[in-house]
Amino acid sequence: MSEPTLSEVAPMLMDYYDDGGGAGALIAWLVLAPFFFLLAIAGYVIGSWFLMKVFDKAGVQGRWRAWVPVYNTLIFVKLGDLNPWWLLALWGGALVLGWVPVLGWLIGLAAFIYTLLAAWRVGLKLQKEAVWLILYFFLPIVWLGINAFDRSRWNLAIPAAPWAGNFLADKTVWSGVPVQAPVGGYPANPATTPGYGAPAGYQPPAGYTPPPAPPAGYTPPPAPSAAPAAPVPPPAAQPPVTPPPAAEPPAGQPPVTPPPAAQPPATEPPATEPPTTEPPAPDAPKP
């Protein structure tokens, strides 16, 4: 019996090692699969919790919206002034064309850049500079956590997005998601507020009705006269003036006595009375 040659032994050795490597990979996958599954669940729960806090700041009604997969990301993109349907189209294209080596990768990259632009706009409304996008690029979950729990407040007083006038602008109206129209003197977004061209100034409260125009021939009342001058305060009380002391007479002269002041008489003269005349008595009769 002849010994097997090297060309016959090599295929058998390769099959042996291939079977062993495949079994090892399967065992490793079975061990690590539960760990990766739990890690994915934890990431989803934490990310949805952070999104819920950001949605609360933005005024989104219904916290359940942050816990629905795909839908929560579409709301996030909508808050970033981007059309959410384009992101959904990019995800669908990446899923369908993922088997194409280059095209599928490019579509996935475009979807990530789309969410990056939305994060830039959301960060501006939460008082974050553009440099914060670096953190979102590498650690989106950390970026969400900071914006969810810091003291920033949702502020629409920012300029309109650069893409406000093209196909990327958000033109959708979803129930429970507030319209992101710039306020505070910045130009309005023509995509979110069609027909509004003037700068957005003071926003009247809901239900406010402007007063009717005055009728023809109405003459406004004259302007009020100038306000009366302020009353002049009375002069401050001054201390009494003390007369200077009398000069002393020189030596050798008697002091000058001032004349006495005129005094009224002690007794008043009796008033003159008119004399009284009595008629004479009648004479007695003679005998």
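This report describes the fold, the nonpolar core and the internal spaces of a predicted protein model.

Residues are numbered from 1 along each chain as its sequence is written. Because the model is predicted, local features need pLDDT of at least 70 and side-chain atom pairs count only at pLDDT 80 or more, while totals for chains, interfaces and linings use all residues; side-chain values use heavy atoms, without hydrogens and water.

**Overall fold**

The protein chain contains 6 helices and 0 strands, taken as DSSP runs numbered from the N terminus (helices: H or I, at least four residues; strands: E, at least two). Along the sequence the pattern is α-α-α-α-α-α. The chain has 287 residues, of which 24% count as buried, where buried means under 20% relative accessible area with a 1.4 Å probe and protein chains only. The accessible surface comes to about 21600 Å², and 71% of it belongs to carbon and sulfur atoms; these areas come from the Shrake-Rupley method with a 1.4 Å probe. Among contacts (heavy atoms within 4.5 Å) between residues at least 6 apart in sequence, 61% join residues at least 24 apart.

**Nonpolar core**

The largest nonpolar core holds 33 residues, and Phe 55, Phe 76, Leu 79 and Val 122 touch the most other members. Such a core is a set of buried Ala, Val, Leu, Ile, Met, Phe, Trp, Tyr and Cys residues joined through side-chain atoms within 4.5 Å. Helix 1, helix 2, helix 4 and helix 6 each give two or more residues to this core.

Not counting residues up to four places away in sequence, Phe 76 touches nine-membered surroundings that include Leu 51, Phe 55, Val 122, Trp 143 and Leu 144. Trp 143 belongs to helix 6 and counts as buried because its relative accessibility is 1%. With neighbours within four places left aside, Trp 143 is in contact with Phe 76, Ala 119, Val 122, Gly 123, Trp 132, Leu 135 and Tyr 136. Trp 143 and Ala 119 are 24 residues apart along the chain, and their C-alpha atoms are separated by 9.3 Å.

**Cavities and the largest pocket**

Rolling a probe the size of a water molecule over the atoms shows where empty space is left. On a 1 Å grid over the protein atoms alone, a cavity is a set of points where a 1.4 Å probe fits but cannot get out, and a pocket is an open set with protein on both sides within 12 Å along at least five of seven lines; lining residues have an atom within 4 Å of a point. Grid points are joined across faces, edges and corners, and a volume is the space filled by probe spheres set on the points. The structure holds 2 cavities of 30 Å³ or more.

| Space | Volume |
|---|---|
| Largest cavity | about 40 Å³ |
| Second largest cavity | about 40 Å³ |
| Largest pocket | about 350 Å³ |The largest pocket is lined by 15 residues, and the closest to its centre are Gly 47, Ser 48, Leu 51, Thr 73 and Leu 144. Helix 1 (6-58), helix 2 (71-79) and helix 6 (140-149) each give two or more residues to this lining, with the largest share, 5 residues, coming from helix 1. By class, the pocket lining has 9 nonpolar, 6 polar and no charged residues. Ala, Val, Leu, Ile, Met, Phe, Trp, Tyr, Cys and Pro count as nonpolar, Asp, Glu, Lys and Arg as charged, and the others, Gly among them, as polar.

The lining of the largest cavity divides into 5 nonpolar, 2 polar and 3 charged residues. The second largest cavity is lined by residues including Ala 119, Gly 123, Trp 132 and Trp 143. Helix 4 (residues 103-125) gives the most to that lining, with 4 residues.

Technical notes:
Buried means under 20% relative accessible area, exposed over 50%, partly exposed in between (1.4 Å probe, protein chains only).
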